Amino acid sequence: MNPSLAIEVDKLVKQYRGFRALDELSIEVPRGGVFGLLGPNGAGKTTLLRSLMGYIRSTSGKAFMMGHPVGLDSLAVRATTAYLPAEAKLFRMMRGSSVLEFFSHVHPRGNLKRAKEIAESLQLDLRRVVAFMSTGMRQKLAIACVLATDCELLMLDEPTANLDPTVRGEVMNLIRQSHQRGATVVLSSHILDEIEDLCDRAAIVVEGKVQSSVDLHTMRRSFVLKTRNPKPSLPQPPDGLRKQSQTASASKQSSELWELDTSLLSINEAMQFLIHHELQLTDIQPLGLKAIYQSCSVSS
Amino acid sequence: MFTWVRIWTVAQFELSGFQPLIEQFRVFEKFSPVPLEQFLTYEGIIGLTFAEPILLLCILTWSISRGSDVVSGELNRGTLELLLSQPIKRHRLLLAHGLISVLGLAVLCTSAFVGLVGGIYTNSTPVLEQPDPVKIMGIDVTSLWSITPVQRMVPLSELVPLENYIAPTVNLFSLGFFVLALSVMVSSIDQYRWRTIGIVIGIYVLQALLFILGKSTKKTRFLVPFSFLAAYQPDWMVQATAHMNMSPLTFFVPTNEWLGFHFGPAGFSAALLTLGIACYAVAFIAFSRRDLPAPT
């Protein structure tokens, strides 16, 4: 167990009958970071979060959350973690205000004042009974319940699903504020922009495995260069420039993609290398999560 | 309220008029835990309140609806996910729910008993009595001519001792507790509330069939102990405490049967409570070990 890590997952396996939801999945989330979980539907993101929260028991492997062994000390895990499930369901017969009061009282780190402030910032009508709230309003209420706790770790499973773009931005700000207060945030989402904006690390999960681990600080400094006339043999490119592993699609067979890390090599230096070897530069774009995500999907 | 109305209804009739009716049902006496004559007594006919379908329906509806709700109901609604993200132990959730359910059950059974007490204390019933003897010059001459009995209104409280109904009330509570615990057990394993309710009602119906089958013939009598309904004996408890001078706290009564004993009033209730506790124990273990499926 590494004390500098908020979450440490080591070869976690969840085996159902004839189906492996988590396949020796390992991740490490440093304390104080914002970690993104990406992946297609059914990749195992929610299963991972639900395993960590103790809803489901892993078949094998180890996991620690805030230093507590998951499964063995689930109560301590949940005392230090605020979790927002995907499509959180609340008590239908309660008013919004009662729901906030209930969750503020039941969690030792609950904070009713902050919960009400968050609800107000999300323009939520707390007098309304949950049963008569729209899906978006219920999501806002659940967000207010979860983000109001003074927990060291926030795990949010698709927090902005069902929200309009304005509220989505507001929720992102609230998550940012929680992070600034010192909380570690784990965010599972399909919206790449949200992960790109908020996270400093991300893992792309495909078929129960971490397909790729991305340092988003490095990614923000990186570009994708597209060249024509590929050469069969080229000398070793300078540090910071590397040929991407995947090949271009059938219609673009004569193209090659390069990844450039500008912290190691400037764009000018990279272009000099390409021109020197008679490679024609046709496009240059910042390296985005979309490209990495797509490359993972293709390779899987 | 129901028990009060039931007793008010009973109080409207003079019971000896039911003698011919009882004779019609003599063939079904083997299904009754007590001789049919007991239903010609106010104690017996009031004791029959505990076998009334409406009363049983109220108790069983509470038990099954509360019991089925605790896990599969919460899972069905999706509320368990956010609830268990709080630092609450699973068994504490089950315990808190169980306490409220048992308290509600106790309130229901107590209100049934209070209605019964109210009914007994506020109602009078017509009783036929022979008129006072007619004496002429100190000689009783009543037998010289036929005198029709006189109808007199007698308060039920003079005819029926209240303490006879404490054991049947406890027995009713015990039945409710067992069905509650059975529902909690199925709920803690299941995912859908409708299925939990279906399974519990199915078990109840099967047990009722088993009980009826066991009571039907001598050959099938061995089936009776396999039905938990054999431990629900409010009528017999009224008879045992009123006419057999048995204490309501009797657990076992020695007999010549192969077991050497059968249950007393407290024994029947204790058997149901023990079965209920066993179901709760299974529920605790199952719920604390199971995987909780994601809300649908």
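Guide: Two residues are in contact if their C-beta atoms, placed from the backbone, lie within 7 Å. Among contacts in chain A between residues at least 6 apart in sequence, 72% join residues at least 24 apart. For chain B, 73% of the contacts with a separation of 6 or more are between residues 24 or more positions apart.

Visitor: What kind of model is this, and what must a residue reach to be used?

Guide: This is a predicted model, in which local features need pLDDT of at least 70, side-chain atom pairs count only at pLDDT 80 or more, and totals for chains, interfaces and linings use all residues. Residues are numbered from 1 along each chain as its sequence is written, while chains are lettered from A and ligands numbered from 1 in the order in which they are written.

Visitor: Which elements of chain B have the lowest and the highest mean pLDDT?

Guide: pLDDT is the predictor's confidence in each residue, from 0 to 100. Helix α2 (residues 19-24) of chain B has the lowest mean among the elements of that chain, 73, and helix α8 (residues 166-189) of chain B the highest, 96. Chain B as a whole averages 86, with 93% of its residues at 70 or above. The model scores ipTM 0.80 and pTM 0.82.

Visitor: What makes a stretch of chain A a helix or a strand?

Guide: Helices (H or I, at least four residues) and strands (E, at least two) are DSSP runs, numbered from the N terminus. By that rule chain A has 10 helices and 14 strands, and chain B has 11 helices and six strands.

Visitor: Why is A:Glu170 called partly exposed?

Guide: A residue is buried if 20 or more other C-beta atoms lie within 10 Å of its own, exposed if 12 or fewer, and partly exposed in between, with C-beta atoms placed from the backbone. A:Glu170 has 19 such atoms within 10 Å, so it is partly exposed. A:Glu170 is in helix α6 (residues 165-180) of chain A and, leaving out residues up to four places away in sequence, touches A:Ser121 and A:Leu122. A:Ser121 is 49 residues from A:Glu170 in sequence, with 7.9 Å between their C-alpha atoms.

Visitor: How do you know on which side of α4(A) the buried residues lie?

Guide: In helix α4 (residues 112-121) of chain A, the buried residues are A:Ala115, A:Ile118 and A:Ala119. They cover an arc of only 100° around the axis, and therefore lie on the same side of α4(A). The arc is that of the directions from the helix axis to the C-beta atoms. These buried residues pack against α3 (96-106), α5 (135-147) and α6 of chain A, while A:Lys113 and A:Glu120 are exposed on the other side. Just after α4(A), A:Gln123 takes a positive phi of about 55°.

Visitor: What makes a set of residues a nonpolar core?

Guide: The set consists of buried Ala, Val, Leu, Ile, Met, Phe, Trp, Tyr and Cys residues joined through C-beta atoms within 7 Å. The largest nonpolar core has 134 residues, and A:Ala202 is one of those that touch the most other members. Its largest share, 14 residues, comes from α8(B). Leaving aside neighbours within four places in sequence, A:Ala202 is in contact with residues including A:Phe35, A:Leu216 and A:Leu289.

Visitor: How many residues does each chain give to the contact between them?

Guide: Chain B gives 15 residues and chain A gives 20. Helix α5 (residues 79-83) of chain B gives the most to the side of chain B, three residues.
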